[in-house]
Structure formats: structure tokens, C-alpha cells
Amino acid sequence: MGLVLCPILSGGHSSNQSESHSYHLYSESHSYHLRSESSSSLSSQPSLPSVPSLSTPSGRLQQELITRPIHHQCIATLKGHSSYVFSLALSRKFLYSGSSTSEIRAWNRDGHPSSSSVLDRPAPADNIVATSNGAVKSLVVLGDKLFSAHQDNKIRVWKIEEENQGKQHQSRYSCIATLPRMNDRLLRLFSAKNYVEVRRHKKCTWVHHVDTVSALAISKDASFLYSASWDRTFKVWRTSDFRCLESVEKAHDDAINALALSGDGFVYTGSADKKIKVWKKLAGEKKHSLVATIEGHKSAVNALALSTDGSVLYSGACDRSILVWEKDDTSGGHMVLAGALRGHRKAILCLAVVSDLICSGSADNTVRIWRRGSVEKSYSCLAVLEGHRRPVKCLTAAIDSNNSTDDPDFCTSYLVYSGSLDCDIKIWHIQIPIL
């Protein structure tokens, strides 16, 4: 376990053309699994030819890329997980990662970036935060708490406690709650109205997820935790006492794979039923209502991400395209399809937004970095990050606070973290000219 330095990688298409397996989610008899199939199962899916492409550089941006090219390199590979890396989350000091064998690790971010020591080499097991039951499908951090979503249908809450031991500064983690909590279940145990049918001849209280919890998100005011599941529901939990306040049953016709929250109260859910649904708690209402269903993908929606201001929604699916949805004032502020970003050769598995960049990870083993044009509604693929040997399952990104560019007035520096089914986490350093 430790850190392996990577050579500088140039943009371009992945050289790993011989990959024999790709991965996606599927549903069968209310049971959902990660499945391996031949590469043709995903590559044969159409790339939405009827949707106009937005990935054509504008004249100004094209000139910028010629005169001031993008610099990107893999500065480290973090090794330690012995199984698929399914989830990543950033806090101020740490990068957290979750694996398919229920392991959560914390990686110290101090010292980014450096060509020789990006992260301290951990002693065996030193950076293991916790192990539990079920693959870790999603991670979010709120203050001194880490929330993890698991394949055993549970959400766990970990308390992060800072400790100073002489010159050593360490964090200790303890599980303070498993959701739903016992008192939450007991409150609803004896009333028939609190039970919902989860499958034929089987009922459960509505506070329970009954299949893999696939995604988590924190509301803008930090008061609520949202969870989505392959059981086709999403739920709302109060972060102060972890009580389940609401469950939207049968939100989709198939597994919910992705969840995104806007600052103005909209909730976006993406599903294996090929649809994206938009929800909001309307004025005077206690529960979320469906306000729109937006359709454009021809296969399972795997990932969602919102622009910083919430005006643009990006969705990735098994059809190899990233669809771009923009708020349209003429349609009551609803999202309308603007076009598609193309370039990946297999399913889009994850998306992340930082500043004006969109990062996409794919079953084609690559990460692509996109940027929207400042004037025209066009996007450019600034870089193709190659190095993973298996599908890229999770992404997170941040502006590099230790900007090491030669001329910070003309370049912005970013760090992109990618987790893969090759069991590795890679850290990419990207320098982009300021337009």
C-alpha cells in the first residue's frame, strides 16, 4: 500500500483498446448488481445521433488552446484498496474513498501538488477509517461528520474527532448512527399506515431503504441529507438528529443511480429507467412533488452534476453521451435539452463539476475534462486523462489551493481525483489558461 508516481500523460484517446470487460448497472426481479459483460454491450449502444453536439471549440477558445495549451499530468496513484473504488469525497484536509469490500480510507491532502510527495505513504492500515457491511456506494462530508451509503441498504454516520499527539495530528472515526435509527423505526412500528409494500407479499416501514443506497447529497443549508436507492425511492433525513422526514415512493420505474441538489431547492434524480426527474417542495407543502420529467437518454442514467450556479444540469448514461440541460425562462425555468458532449467510447459512469470545468469518467478507462465557452453555447474537451486500466467509477475535483503555475495570473490550477475498478485512485494536476 502506498503511492506510485505517474509519468506525464498527454491528451488523446485511450490506448487500452483491448479491454475485454465493461461494467454497468442492471435490474432484474428487484435485485440490482454490478455486472461484467463483453465490451460490445455498451459500445454498441447509440450515441444519440439526433441530439446536436456541443463539443466544438469556439474560435476564440480554439486560438487560446493553440497559443496557450493545457498542461495536465498524473502526479500520483494511491494504492491501498484491494477492491473496486466506488466512491470519493473531499473535505478540507482529506480525500475519502470507499470500496466494494466496505472499506473507507482517508488520504491526507497536505502538500498538494508535488512531483515527489503528494501524500504521505501510509503505514499498513493506518488510513483505514472504517469497515462495515456492504460496498460503499457514496460518501459526503458535513463538518465533523462523514456519511456513507452502502449496498446493505444502510446509511452510516461517522464522527470525525481531531487528536493532537505531540507533533502528530490525527483524526479518529467512530460510527455514531446507522440510518434509519432504532427510535425512528420504533416510532412507526405499530401503525399500519407507516408500512409500504416493497415487493410482493412483503412490507416494511417507509423509513427503510430496501435495496442498495446509491447516492447521497447535502442540502445547501446543510439541514438535510438526501439519499437515493435502487429501491426506486429517495428519502430526506434531518442532519441534526438523523430522523427520516420523508420518503418519495416509486419515484422511478427502475433503480435510481444518481442524485443532485440545486441551491434553489430542486432535486434531480437519474434512473435506470432512462429518465431524469425533477422534484421540489412547493410553497405550503410538506413533501416533495414531481415538477418535471426530462427525457433524452436512450439507456440507464448513471450520473448527474449541476453547474456551480445551478443553471445547467449534466447527465451521463450508458449511451456514451453527456447531455447538457439548461434552464429556460420561457418554459417556467425548467431544464431543456441544449445538446450533447461526445468523445467517450463507452458508458459514462460519473461526473464532477469544479468552477467552469466538467469532468467525466467512463467505462472506456478515461477521464475527460470539458469547459463551456464564455460566449457561445459550445464546449471544448480540454484533456483526456489516460492511465486507469479499468472503468472509472467515481470522480471529485477542486481548485488547487497550492497553485504552482508559473504564472497564476494567466492559469488556474485544478486537482482531479479519479477512482477506478482497477482498485487505484489517481490524482491529476491540470493547468488551464484563463480566458
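**A pocket and two residues**

Let's start with the strands around the largest pocket: β2 (21-28), β5 (85-90), β9 (136-142), β15 (213-218), β19 (256-261), β23 (301-306), β27 (348-354) and β31 (392-399) each give at least two residues to its lining. Keep in mind that you're looking at a predicted model.

How much space lies in that largest pocket? About 1,600 Å³. Its lining is made up of 50 residues, and if you want to find the centre on screen, look for Val140, Leu216, Leu259, Leu304 and Leu351, which lie nearest to it. Sorted by class, the residues lining the largest pocket come out as 32 nonpolar, 14 polar and four charged.

Now for a single residue in a strand. Leu415 sits in β32, which runs over residues 411-420. Is Leu415 buried or exposed? Its relative accessibility is just 2%, so it counts as buried, given that the cut-off for buried is under 20%. Leu415 also has a partner to look at in space: Asp400 is 15 residues away in sequence, yet the two C-alpha atoms are 5.7 Å apart.

For a loop residue, go to Ser240, found between β17 (234-238) and β18 (244-248). Here the relative accessibility is 61%, so Ser240 counts as exposed; the label applies over 50%. Which distance separates Ser240 from Ser223, C-alpha to C-alpha? It's 7.0 Å, with the two serines 17 residues apart along the chain.

So, to recap the two residues: Leu415 in strand β32 is buried, whereas Ser240 in its loop is exposed.

Note on methods
Residues numbered from 1 in each chain as written. Predicted model: local features only at pLDDT ≥ 70, side-chain atom pairs only at ≥ 80, totals over all residues. Heavy atoms only, no water. Helix = DSSP H or I, 4+ residues; strand = E, 2+ residues; numbered from the N terminus. Buried < 20%, exposed > 50% of the residue type's maximum accessible area, 1.4 Å probe, protein only. 1 Å grid on protein atoms, 1.4 Å probe; cavity = no way out; pocket = protein on both sides within 12 Å on 5 of 7 lines; lining within 4 Å. Points joined across faces, edges and corners; volume = space filled by probe spheres on them. Nonpolar A, V, L, I, M, F, W, Y, C, P; charged D, E, K, R; others polar.
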